[in-house]
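Trainee: I have a structure open and would like to go through it with you. Could we begin with the ligand?

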Amino acid sequence: MDKVKLGIIGLGRLGRNHAINIHYKISNAELTAICSAVQEELDDIKIEMNPDYATLDYMGLLSIEELDGVVIASNSAFHCEMICNAAKAGIKNIFCEKPLGMTLEEIDLIKEIVERYQVNIFQIGFNRRFDKSLIKMKEQVDKGFIGKPILIKMVNRDPASMAEYIIKFSPTSGGLVFDMLTHDYDLARWLIGSDAGIIFGIGGVFAYEGLREINDIDNCTISIEFKNGVMGLMETSRSCTYGYHVEIEIYGTEGSLRMGTLPNKDKVVSFNKDGASIECIEWFFEFWEPTFEAEIQHFANCIQSNTQPIVGLIDGYKAVQWAFSAKEAVDKRTVIKMK
Ligand code: NAI
């Protein structure tokens, strides 16, 4: 098959990154069409990458017959509408950024439409599944290196330096639990091979008083009992003073696997009269950079070889479903039993 012809909707923070990867790094794909509601973003990429089509109207992009697939990287509030319209327009291969949808009604509708219009490949943007360290951890768990898994612990801290920027998006991102922890939940259920059974959570406003007015929080912890009996502890924060920090540990009867224990920016440790120090990672792009390329490479490969992606519709669906239960657990300080 010739190069996979991809169209992209949304050229903001993430969309621009996907466009760059498709154009410069993914050798079996071609950036054929671009769309953004923002003229400057469109002009920028058009001048630099010269795709065949550039439009402000996403329905126009969906009608381009030669496209093999579409990447949706618009704001989360548009995911449902765009996925459904793409399926109805006959697009057979869709990649969509997380979250799949913003409400339980939306994800039900997406599932129904994607099935009804026989979308062939549907990939959701859980990029962390493409991280080499996590893939190795998963292999080690599956090989029995840690024996029987007992506990999965996850730390997910956004830097305080980005708080003002992130909080601006809080009213439309779904808030702390929905926006941040869906990544952790997806990873946890993949790493230990089970869905959550019981959830309890607590959280609050510790750092940014303004969040109270918009019914959001800046720190929380969630305890989970997975259906296979493994325990889960998740902690997330918007107020990490030393940078961006993701740490994951899976502890079992025979040992432990960890990644990200120190959020090193590089391999240098500096020593002087005050002791030893490392520089920390500042932001998520730095930490997860290779995974954004890898996930779109995977999407192109799946289209070319007509194989199903490793992370799809049902994973996106379950993460949103879980997030609503987790948010309820935190909001009401109650235990939620999932079906
Ligand atoms: P952004 O605000 O920087 O960009 C949004 C883009 O969507 C803009 O180019 C805008 O023009 C376009 N857009 C919105 N409505 C449109 C419409 N009706 N027609 C055409 N274009 C439209 O947003 P950002 O930060 O790039 O986030 C995009 C998505 O990526 C969100 O769903 C977010 O949750 C997800 N995301 C995922 C991350 C990950 O780690 N996987 C990290 C950050 C964001």
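Mentor: Certainly. Please keep in mind that this is a predicted model. A good starting point is leucine 14, where a backbone N or O atom lies 2.8 Å from an oxygen atom of the ligand.

Trainee: Which side chain has an N or O atom 3.1 Å from an oxygen atom of the ligand?

Mentor: That is the side chain of asparagine 75. Serine 76 also takes part, with a polar side-chain atom 2.8 Å from an oxygen atom of the ligand.

Trainee: And how much of the ligand's accessible area does the protein cover?

Mentor: On its own, the ligand has 850 Å² of accessible area, and the protein covers 87% of that.

Trainee: How many residues surround the ligand?

Mentor: There are 25 of them, and the closest are Leu11, Arg13, Ser36, Glu41 and Ser76. Sorted by class, the shell holds 11 nonpolar, 10 polar and 4 charged residues.

Trainee: Which helices each supply at least two residues of that shell?

Mentor: Three helices do so: α1 (13-25), α4 (79-88) and α10 (284-305). As for the pocket, the ligand takes up the space of the largest one.

Trainee: Changing topic: how many salt bridges does a search of the whole structure find?

Mentor: The search finds 25 salt bridges. One of them joins lysine 318 to aspartate 195, with the closest N and O atoms 2.7 Å apart.

Trainee: Where do the two partners sit?

Mentor: Lysine 318 is in helix α11 (residues 313-332), while aspartate 195 is in the loop between α9 (175-192) and β8 (196-204). The two are 123 residues apart, so this pair links distant parts of the chain.

Trainee: What about the backbone? Which residues are joined by a cis peptide bond?

Mentor: Lysine 98 and proline 99 are joined in this way, with omega about -5°. Proline 99 belongs to the loop between β5 (93-96) and α5 (104-116).

Trainee: One last item: what is phi of glutamine 118 near?

Mentor: Phi of glutamine 118 is near 50°, a positive value in a residue other than glycine. Glutamine 118 is located in the loop between α5 and β6 (121-124).

Methods: Residues are numbered from 1 along each chain as its sequence is written. This is a predicted model: local features need pLDDT of at least 70, side-chain atom pairs count only at pLDDT 80 or more; totals for chains, interfaces and linings use all residues. Side-chain values use heavy atoms; hydrogens and water are left out. A residue is near a molecule or strand if one of its heavy atoms lies within 4 Å of it. A polar contact is a pair of N or O atoms within 3.5 Å; within protein, one must be able to donate a hydrogen and the other to accept it, and residues adjacent in sequence count only if both atoms are side-chain atoms. Accessible areas come from the Shrake-Rupley method with a 1.4 Å probe; for residues, only the protein chains shown count as cover. On a 1 Å grid over the protein atoms alone, a cavity is a set of points where a 1.4 Å probe fits but cannot get out, and a pocket is an open set with protein on both sides within 12 Å along at least five of seven lines; lining residues have an atom within 4 Å of a point. A molecule sits in a cavity or pocket if more than half of its atoms lie within 2 Å of its grid points. Helices (H or I, at least four residues) and strands (E, at least two) are DSSP runs, numbered from the N terminus. Ala, Val, Leu, Ile, Met, Phe, Trp, Tyr, Cys and Pro count as nonpolar, Asp, Glu, Lys and Arg as charged, and the others, Gly among them, as polar. A salt bridge is a side-chain nitrogen of Lys or Arg within 4 Å of a carboxyl oxygen of Asp or Glu.
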